[in-house]
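This report walks through a few local features of the structure shown below, taking cysteines, backbone angles and nonpolar cores in turn.

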Amino acid sequence: MTASTMQAHTTAVPAAPEPRARTSWRHWLAQRPSVFTLALIVLVSLVVGVINPSFFQLPVLFDIVRACTVLGLFALGVLIVLAAGGIDVSFAAIAALTMYSITKLVLNYFPEAPIALLLVAGAVSGALLGVLNGLLVHWLKAPSLIVTIGTQYLYRGILLTFVGTVFFMNVPQPMDAFGKLALWRFDTPQGLHAVLPATVLVLAGAAVLTWWLLNRTLIGRAVYAIGGSLAIAERLGYNLRTVHVFVFAYAGFLSGLAGIVHVSSTRLANPFDLVGNELDVIAAVILGGARITGGSGTVGGTLLGVVLVTLINNVLILAGVPSTWQKVIIGAFILVAGACFAMRRQA
Amino acid sequence: MTLGALSTPVPHFPAAPAGRRVFLEVQDVHKRFAGVHALRGIDLTIETGEIYHLLGENGCGKSTLIKIISGAQPPSQGRIVIDGTPHDALSPLEALTLGIETVYQDLSLLPNMNVAENVALSEQLVKTGGKLARRFDRKAVAATAVRALKTLKLPTDAAFLARRVDELPIATRQLVAIARAVATRARMVIMDEPTTSLTQKEVDNLVHVVEALCAQGVAVLFVSHKLDECMAMGGQAIVFRDGTKVAQGPIKDFTKAGLSHWMTGKQLDGARLRHRSHEGDTLLKVEALGRGTQFSDAGFTLHKGEILGITGLLDSGRNELAMALAGVQAADRGRISLASKEITLKTPADGIRQGIGYVPEDRLSEGLFLDKPIRDNIVTAVLSRLRGRFGALDARQCQALAERTVANLQIATPDVDRPVQSLSGGNQQRVLIGRWLAIDPRVLILHGPTVGVDVGSKDTIYRIVQRLAEQGLGVILVSDDLQELLQNCDRILLMRKGRIARDFDATGLAESELYRALVSDTPFPALP
Amino acid sequence: MKLTFSDRELNFLVGINVLILVVATVLSKGDFLDVYNFQSMGGQLPELGLLAMGVALSMISGNGGIDLSGVALANLAGVVAATLAPQLAPPDASPWLYTGWFAAIALAVGLAGGLLNGLLIAKAGLTPILCTLGTQLLYTGLAVVLTGGSSLRVGNAEALSAIGNEMVLGVPIPFVIFLVMLLAVGWLLRQSPFGIRLYLLGTNAKAARYAGISQARMLIATYALCGFLAAVAGVIIAARTASVKSDYGNSYLLIAILITVMAGVRPQGGYGRMVCLFFSAVALQLLSSTFNLLGISNFFRDCAWGLLLLFFLAYGRFGLQDLRVFLSTTRSSAPPHQLPPGVTQRNPEG
Amino acid sequence: QGKPQDIVTVVKITGISWFNRMEVGVKEFGASTPGVTTRQIGPAQSDAAQQQRLVEDLVARKVDAIAVVSMDPPTLEPVLKRAMERGIKVVTHEADNQKNTMVDIEAFDNTAYGARINERLAACMGQQGKWTSLVGSLGSQSQVQWADGGASNAKKYPKMTLVDAKNESLNDAEKAYGKAKEMLRKHPDLKGFQGSSSLDVLGIGRAVEEAGLQGKVCVFGTGLPSEAAKFLESGAVGGIAFWDPKDAGLVMNRAAKMLIDGKTITDGADMGVPGYNKVSVKKGPGAGIVVTGQAWVEVDKQNYKKYAF
Ligand SMILES: Nc1ncnc2c1ncn2[C@@H]1O[C@H](COP(=O)(O)OP(=O)(O)OP(=O)(O)O)[C@@H](O)[C@H]1O
Ligand SMILES: Nc1ncnc2c1ncn2[C@@H]1O[C@H](COP(=O)(O)OP(=O)(O)OP(=O)(O)O)[C@@H](O)[C@H]1O
Ligand SMILES: [Mg+2]
Ligand SMILES: [Mg+2]
């Protein structure tokens, strides 16, 4: 093949096999896992609606949206960490630590602090704790699951050992007001108030911000890059420390916000709250189409995953499931949904 | 021209023509890994607009030098001077900023990102000086990507730009990696074995690209084990042996044999190794085998002691056929019979049970357990046969088998407890072959057995293959290295569009004929 | 170089144990070094230790493996056994038979639960974390359905209560069972084809497939084994507390994971040793009992566990380089993250 | 004896208001009784397994007496048995089914307590309409007893219908809130809630307040005055009931001290604490006795301020 190597071949190289018509819709689906999530949501809604038609009313929607808020904020944080190839289980501990400390501090020294300031304070302190996570992950070169198990114990231990254990009802007035603030309020025919709380705006804002960061900034692309392969991204000139710190700081930032939103909407500050539901959040993100192995996941899919998990947790009474059977149903549902997902992946 | 201060005499060649400028100098660079002195005082000068071929056996330090120049690893000692500015070490970003673009041996593509981003994201990164708090300019990325892909004659439509890289065939991936290197205004492009998985046509195209780059004054550092390609391209040859530079000069002044001599210290030639042994009984008979749309109607026979080559362009179905024969991807129609008995191959375990061994193409991801001991890597497929009392593994038998394999296949290692990743590429490949020999195979399928393996190691592997055939094994050699096929095989099957298009007798077949048949687009008459 | 004293991971864990022992003894003015105290700790350890073994096995299998359903399955096994066993053999009349049935049913349930996990992961292709989260809810839920959520007393059979509360040669029986299981699993990992295959599978699933290792069969067997271990824990729990309850040990999951990762088991698969798991579990137990003995708040214990884990990681990361600097004059420049923390390169087996 | 007698109180979970209040009683007893040191410990998570481990370590430590508020009485049987075998005196609380105890202190009869709360609920509902109950967890025996006591009380009133009973709030105000809301959606004509966990009324109260149903839906349950104050004021919660944990702590420790001193508690004895001035003593399910007081407290908007915890 000596001389022949030099012969010019001008025909274009067929780079990829032609997508075959028969499999193209499968391919289309495989690219959009969130379609599945959406289908499951529709299915669950139809089933519950058939069992109990009172499911189809606006207030139920409001309730579900409200129940999504904190879970959704956590899920966005988990999404960005998963996309970067890590896993974070300390976010709830961060939220608990920031929400309780800030509420306590504000109550004692500055009870009239405006809610905007509180949100900023929560976000900033959450982000700082997240930075610590990020730096530890970077310095220790250990899987982030292990590091964040460590920091989870640490943050929760600090909260309950040094900050306080007793919950209090008299949260600062601005928080209370924020929790009660309604975007939309009307009365149902039965005379019940139905309220769409303003706190969902925080989730909406966070979702838009996360989407913009992931898709429209270099740091967002860097997140997916290191999620694809840490070693390769490093070789291509990405600064791993920056990305690690950013990712965990952002997750901490959202956790801090979630903490303040949680206190505002429950109107009590309980240091035992939030922690313990980490795996549900991760499940929601995975049901939203992100892969546990990193490098994938979308904001839209994640929100759908959150809606799905919230939905299944909030319609069991409406569907008439006795309380002893509820865990079985939720567990079975996660398995079925997971199996659907797996089938999609194999398709 | 810098010549290494070496004990080995370095041949002296006339200086490069004027008009070229020194771009980069490597000065007395050493690299030590735990226990390995990989580079021992390398001095090099790279000038603009010239092609350099970095040649040498596996493990002589080529990739290591490249990693040091491109900033992926710091040198242990020495420095790199770029445009007159000395650097003790470069970071990947600094190297990119200075215009050094690299196609790594492992491609270094981000599997989860799309083609456009893989090709053009680095440009933005460099533009912002590595700062990530910047907007991501999708239009610029698309524009750059289209420009680069065009150069390599890759598709530029939106659908291709949006394809995830891990969905692409390996050859396309390699081209995408090259596209990334030429996407920006590079001053030096380094390519570490860029042609390993390319077909001839694609290699030819790459050669044009390299020539065009040189014409624009870009320096190209090219690493390949395929000496013919290098000779065809021209430029400077730099030969490494054991971490030192042993020769440098215009490649046209070397002969292939001469280069091999510099690389290995031994004389090697491309002569045919196969002296057709007389045909044994029919061992494997394949009839009307097919799988989906990947290949169909495959039929052939393999005799005892025969070496059968299978080749074809990348999506010709040759890989899929090989995998079906090993049970890795089961065929969905047709028959396979072994020694006149029909067999089913649904999983690799079926293959093992029947005595069919399969050495996969990509030894790193499909073959080896990198951080496990050499021993475990060898005994993998026969664990159940090495059971002693209580179903436990018989440690002594394992050890003996591993040591026997190491001795048999001349694997260079002091002991079998070491992780297999501590071996060089060629030795790793031998471990893999050893694993399959342990099952006492009747048929051995070797898929690209010398990809990324140097001349010396190649030779050892060929001799092993020949020896096996003489012992009565049926060997199937799937490869796109035509010379390898011609040197080793009795017959060569050529696949095209999922079908076996031709069946060549390898004796007396000229490489040029085989090559023409391979790249020709005209349909062959159907086989009788 | 397989000398024990060069095994950093083990050194650290043993060192931590010794350190805690010494500190506890000094601070408690010798109270800690009491036979009963050690017997008490030996009785407490096995439940968690067995669950951690399950987590470790699932992690070693790679593919993002993790078994979150262990405690739930342990409780379900106990609940089913406590419901069925009295109908097969009255605990008062034939205590031995009752105990036999109890254990057999519990182990069968555990095995079945583990098999379900394995099948869902291997055949239906569920992500392990999602699958075992689902089965965790499912198993807990089934136990709630069977008991209505309250705890169920197990029959008063002496043999059963002996499993939980008696000693042989001064060693609590649960601890003996734990040691036996630990040795058995350790043997399985080191000496049997299954173990070697499991490590290989965890290291590189694709290569394992090409080498004829059936991933599906391995995963099913591994998760079934995890289920079995959970059921053993379930029997011990039932025996030690003389009752079964759907939500017993709801705080155990995270502790079991903590033990596992402190033992240096690699979450991405392919590496983990039972001997390290043992010392890691003992260290956490010692720390916990020491704090209880000294009357230190349980919240602070959480803090200490977190710090200990981070310290372990730091030691695995930075200690390594310091060691190199001492051993050779050359500057080490291999990218350190190529080696997982605390994993010495040439120590592949359990 | 030079060494003071060591009485340790083990609670369900450490740090929450309820048990902080109990600790006041525990400390008070220790301070006022010579020759005795008292302290209170508890696990960091509400998990029966963690409590069991704490008791296990105390037995190893060989304290003089253990007073334990059982998370789940059956779980503690063997370890308490071992404790007694080691000569440790054992007192329990909220565990009238505990076999291995010497004295079990009950503030009141659980079923009667649940019925009593339900009676107030019925009065508020006008003895008619749909009502439902919440429990902290189905695994908590006393809470289930309260809910069941309420249910059997409501049977007296044929027009009261119990719907979707015993929803689990997992001791989480947010979950209780969610459940309450869902119940209101499903049964827009719901008239009453009976809560069990002290966090239940907080969640239900918020849901009722948000739906603007103060005064239309009746909410009664166990709660602490300091915590439920907001909702008592707004009328979202009609009334709460509780017993003073401080007194329970005192009585438990006093009983332990009596056991150490070899004294016995007889029917009608005065434990020196209001609500326990004339306790009834019954034989328990095991060898020990069950001491029951009349220590429940019922408060509403008018009088909750009298109790500062
Ligand atoms: N990751 C590693 N860790 C420790 N030692 C290593 C490592 N990689 C390589 N070595 C050492 O380098 C030695 C030589 O391997 P090397 O890769 O240089 O061979 P090679 O020249 O590339 O051979 P080949 O031509 O077969 O690829 C090995 O025997 C091993 O001792
Ligand atoms: N990370 C590492 N740790 C230890 N040794 C290493 C490492 N990387 C490379 N080596 C050793 O350095 C030497 C040079 O390796 P290098 O990869 O540069 O060889 P190469 O010339 O590129 O070989 P090939 O042709 O196989 O690609 C080899 O002995 C190799 O084993
Ligand atoms: Mg090499
Ligand atoms: Mg190389």
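## Cysteines, backbone and cores

Cys124(D) has a relative accessible area of 40%, and therefore it counts as partly exposed. The model in which this residue sits is a predicted one, and the values that follow should be read with that in mind.

Cys124(D) is bonded to Cys218(D) through a disulfide, with a distance of 2.0 Å from S to S. A search of the whole structure, taken over all chains, finds one disulfide. The angle about the S-S bond is -80°, and the link between Cys124(D) and Cys218(D) is left-handed. Because Cys124(D) belongs to helix 4 (residues 110–125) of chain D while Cys218(D) belongs to strand 10 (residues 218–222) of chain D, the pair ties together parts that lie 94 residues apart in sequence. The partner, Cys218(D), has a relative accessibility of 5% and counts as buried, whereas Cys124(D) is partly exposed.

Other cysteines can be set beside this pair. Why does Cys276(C) form no bond with the closest cysteine sulfur? The closest cysteine sulfur, in Cys226(C), is 18 Å from the sulfur of Cys276(C), which is too far for a bond. The table gives the accessibility of several cysteines.

| Cysteine | Relative accessibility | Class |
|---|---|---|
| Cys124(D) | 40% | partly exposed |
| Cys218(D) | 5% | buried |
| Cys489(B) | 0% | buried |
| Cys276(C) | 0% | buried |

The backbone offers another point to examine. Most residues other than glycine have a negative phi. Glu193(B), which is not glycine, has a positive phi near 45°, and its place is in the loop between strand 7 (188–192) and helix 7 (200–215) of chain B. Lys62(D) likewise has a positive phi, near 60°, and lies in the loop between helix 2 (48–61) and strand 3 (65–69) of chain D. As to accessibility, Glu193(B) counts as buried at 4%, while Lys62(D) counts as partly exposed at 48%.

Turning to the nonpolar cores, the largest has 424 residues, and those with the most contacts inside it are Met53(C), Phe193(D), Leu202(D) and Tyr276(D). When neighbours within four places in sequence are left aside, Leu202(D) is in contact with Phe167(A), Met169(A) and Leu268(A) of chain A, and with Ala173(D), Glu227(D), Ala228(D) and Phe231(D) of chain D. A second core, separate from the largest, has 32 residues, among them Leu325(B), Ile336(B), Leu338(B) and Ile343(B).

How values were computed:
Residues are numbered from 1 along each chain as its sequence is written. Chains are lettered from A and ligands numbered from 1 in the order in which they are written. This is a predicted model: local features need pLDDT of at least 70, side-chain atom pairs count only at pLDDT 80 or more; totals for chains, interfaces and linings use all residues. Side-chain values use heavy atoms; hydrogens and water are left out. Helices (H or I, at least four residues) and strands (E, at least two) are DSSP runs, numbered from the N terminus. Buried means under 20% relative accessible area, exposed over 50%, partly exposed in between (1.4 Å probe, protein chains only). A nonpolar core is a set of buried Ala, Val, Leu, Ile, Met, Phe, Trp, Tyr and Cys residues joined through side-chain atoms within 4.5 Å. Contact means heavy atoms within 4.5 Å. A disulfide is a pair of cysteine sulfur atoms within 2.5 Å.
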